[in-house]
Amino acid sequence: MKLVPTTIRAGLLALASAAPLLAQQVQLNIPNADAAPAAAPAAAAPAETFSNEVLAESFGWFMMARLGVAELQFTPSEVAAFTRGVSLAAAGKEMEHDLGKVGQQMDDFIAQRQSAAMERAKQQNQAQATEFFAALKARPGIVETASGLCYEVVEPGQGPNPKPTDKVKINYTGMLLNGQIFDSSEQHGQPLTIGVNEAIPGWAEGIQHINKGGKIRLFIPAALAYGDASMGGIPPGSALIFEIELLEIEAGS
């Protein structure tokens, strides 16, 4: 659950998980044996077979794409040097440079490129958020608070609203401004119980504007979420959207 504040900055070279491909079996049910037989399905086309070279190339592309190498914006000569290094490692050979001597400069070089990439992502996300909130505030039903949080009550509930010291049980979906889901209770297979004051500021403020049984949509500026930090699937400088159904309120002490 990505609601808890953090100061951890995720590097661009962190490996991302690949989503599994699920095969779905389709069965033909025949309730009446006397019914006319169904037409035989067309024979499936044989699976295409690829050469080892194509598979190796695809694996190389997959690994580098997942590692975010493109975000480092290597020059053509740097790409050639990087490729030489990969070739040496794939062949089980040592490189001609002493890693003990070059290692610190290599770390600094990559860190600088990562920092530049994070800054580009942050600037892009901030510009997108500025445009998004300008249009959002003109929509009927949108409420803006003094902090800059915007919210929309989708379905009113009943009874008291949660307080900062309370715990809440919720169903939720967390999204980026482009609609990409980065977390949800559905993904975890069950509702979430969390202390209101344990969450990011915008979420903690927003949940207090709905009562039990209600549904609310929160539009949280980056300053009230993770700021310039990157958090898992959340890029730096990202404004967030949460759709929340408040199931229960547990009074705090």
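## A tour of the predicted model

Nine salt bridges are counted in this structure, which is a predicted model, and several of them will serve as stops along the way. Before selecting anything, it helps to colour the protein chain by secondary structure, where five helices and seven strands can be found. Followed along the sequence, these elements run in the order α-α-α-β-β-β-β-α-β-α-β-β. Of the 253 residues in the protein chain, 28% are buried, and the accessible surface amounts to about 16600 Å², with 56% of that surface belonging to carbon and sulfur atoms. Among contacts with a separation of 6 or more, 74% are between residues 24 or more positions apart.

**Stop one: the nonpolar cores**

Select Ile170, Trp203, Ile220, Leu240, Phe242 and Ile244, which are the residues with the most contacts inside the largest nonpolar core, a group of 27 residues. To see where this core comes from, highlight strand S3 (167-176), strand S5 (192-195), helix H5 (201-206), strand S6 (215-220) and strand S7 (240-250), each of which supplies at least two of its residues. A second core, separate from the one just described, has ten residues, including Ala129, Ile142, Leu177 and Ile241. In soluble globular proteins, nonpolar side chains tend to be buried together.

Now centre the view on isoleucine 170 and display its surroundings. Leaving aside residues up to four places away in sequence, isoleucine 170 touches Ser185, Pro191, Leu192, Trp203 and Ile207, and also Ile244, Glu245, Leu246 and Leu247.

**Stop two: the aromatic cluster**

The structure has five aromatic pairs, and the next selection takes in two of them. Show the rings of phenylalanine 74 and phenylalanine 82, whose centres are 5.6 Å apart and whose planes stand at 45 degrees, so this pair is tilted. Then add phenylalanine 109: its ring centre is 6.2 Å from that of phenylalanine 74, and because the two planes are at 5 degrees, the pair counts as stacked. Phenylalanine 74 is in the loop between helix H1 (52-67) and helix H2 (76-90), whereas phenylalanine 109 belongs to helix H3 (residues 99-136), so their pairing ties together parts that are 35 residues apart in sequence. Phe74, Phe82 and Phe109 together make one aromatic cluster.

How buried or exposed is each of phenylalanine 74, phenylalanine 82 and phenylalanine 109? Phenylalanine 74 counts as buried at 18% relative accessibility, while phenylalanine 82 at 30% and phenylalanine 109 at 29% both count as partly exposed.

**Stop three: the salt bridges**

Side chains of opposite charge can pair when their charged atoms come close. Staying with helix H3, select lysine 122 and glutamate 119, which are three residues apart in this helix and thus separated by about one helical turn. These two residues form a salt bridge in which the closest N and O atoms are 3.1 Å apart. Lysine 122 counts as buried, at 13% relative accessibility, whereas glutamate 119, at 35%, counts as partly exposed.

Move next to lysine 137 and glutamate 144, which form a salt bridge with closest N and O atoms 3.2 Å apart. Lysine 137 is partly exposed, with a relative accessible area of 42%, and glutamate 144 is likewise partly exposed, with a relative accessible area of 43%.

Then select lysine 212 and glutamate 248, whose side chains meet in a salt bridge at 3.3 Å, N to O. Because lysine 212 lies in the loop between H5 and S6 and glutamate 248 in strand S7, this pair ties together parts that are 36 residues apart in sequence. Lysine 212, at 41% relative accessibility, counts as partly exposed, and glutamate 248 is partly exposed too, with a relative accessible area of 38%. To finish this stop, select Arg139, Glu152, Arg217 and Glu243, which are joined into one network by salt bridges that share partners.

**Stop four: a nonpolar patch on the surface**

Switch on the molecular surface and select Met95, Leu99, Val102 and Met106, which form a nonpolar patch there with about 320 Å² of accessible area together. Where is methionine 95 placed? Methionine 95 is found in the loop between H2 and H3, and with 37% relative accessibility it counts as partly exposed.

Terms used
Residues are numbered from 1 along each chain as its sequence is written. This is a predicted model: local features need pLDDT of at least 70, side-chain atom pairs count only at pLDDT 80 or more; totals for chains, interfaces and linings use all residues. Side-chain values use heavy atoms; hydrogens and water are left out. A nonpolar core is a set of buried Ala, Val, Leu, Ile, Met, Phe, Trp, Tyr and Cys residues joined through side-chain atoms within 4.5 Å. Buried means under 20% relative accessible area, exposed over 50%, partly exposed in between (1.4 Å probe, protein chains only). Helices (H or I, at least four residues) and strands (E, at least two) are DSSP runs, numbered from the N terminus. Contact means heavy atoms within 4.5 Å. Rings of Phe, Tyr and Trp (its six-membered ring) pair if their centres lie within 6.5 Å; planes under 30 degrees apart count as stacked, over 60 as edge-to-face and the rest as tilted. A salt bridge is a side-chain nitrogen of Lys or Arg within 4 Å of a carboxyl oxygen of Asp or Glu. Patches are made of residues with over 30% relative accessible area and no salt bridge: like charges are joined within 9 Å, nonpolar side chains (Val, Leu, Ile, Met, Phe, Trp, Tyr) within 5 Å. Accessible areas come from the Shrake-Rupley method with a 1.4 Å probe; for residues, only the protein chains shown count as cover.
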